[in-house]
Amino acid sequence: MRIFLLKIPEHEYTLDKYINPTELTYLKSFRGNSRRRKMYGILLQKFIIKLNYNIPYKDIFIKKNTFNKPYYNNRLFYNVSYSENYIIIAYSHNKQIGIDIQNENEKAEKVLLKYGNKSQILKNSIEENITIWTKIESYLKMIGCGLTKLDNIK
């Protein structure tokens, strides 16, 4: 398993030569920082694929399963996560993989309170709740269903 962490540059650069027409159309539905995050996420995924298969960027077409988990083929397993100005990606040649990155804030705590053991979560620090949340989300992403299976995490 390998992991890459990317800090998204503050300025947007012209990187269209690495993006195919389908991805350009997809990116047009986003604005500002959201567009920049999505673009760099696509580029980081393509970097991992190129690193492993030496295919020109424009010829790499990333697919998504029904739960929006990205994939390239059935031999390279990877997962990507975003938090503020960071993107993290992990990949493996052996088995499915999930990864999550989360800025320390109360967002994860709110999700845990909605689905989990309220009394325990309220006793935890934000750091402990972030750790719990990233483990849960990483697992759900690894099995390929994302947050769609999140109904009770007690």
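This report describes a pocket, a surface patch and two backbone positions in a predicted model.

Residues are numbered from 1 along each chain as its sequence is written, and side-chain values use heavy atoms, without hydrogens or water. Because the model is predicted, local features need pLDDT of at least 70 and side-chain atom pairs count only at pLDDT 80 or more, while totals for chains, interfaces and linings use all residues.

The second largest pocket holds about 170 Å³ of space. Of its 13 lining residues, the closest to its centre are Lys69, Pro70, Tyr71, Phe77 and Gln96. A pocket is an open set of points on a 1 Å grid where a 1.4 Å probe fits, with protein on both sides within 12 Å along at least five of seven lines; lining residues have an atom within 4 Å of a point. Strands E3 (70–71) and E4 (77–83) each supply at least two residues of this lining; strands are DSSP runs of at least two residues and helices of at least four.

Tyr139, Met142 and Ile143 make a nonpolar surface patch of about 280 Å². In such patches, residues have over 30% relative accessible area and no salt bridge (Lys or Arg side-chain nitrogen within 4 Å of an Asp or Glu carboxyl oxygen), and nonpolar side chains are joined within 5 Å. Tyr139 belongs to helix H5 (residues 126–142).

Most residues other than glycine have a negative phi. The table lists two with a positive value.

| Residue | Phi | Loop |
|---|---|---|
| Asn54 | about 50° | between helix H2 (32–53) and strand E2 (63–64) |
| Glu84 | near 50° | between E4 and strand E5 (86–92) |

Asn54 is exposed, at 61% relative accessible area, whereas Glu84 is partly exposed at 47%; exposed means over 50%, buried under 20%, and partly exposed in between (1.4 Å probe, protein chains only).

Conventions
Points joined across faces, edges and corners; volume = space filled by probe spheres on them. Patch = residues over 30% accessible without salt bridge, like charges linked within 9 Å, V, L, I, M, F, W, Y side chains within 5 Å. Areas by Shrake-Rupley, 256 points an atom, 1.4 Å probe, with all protein chains shown as cover.
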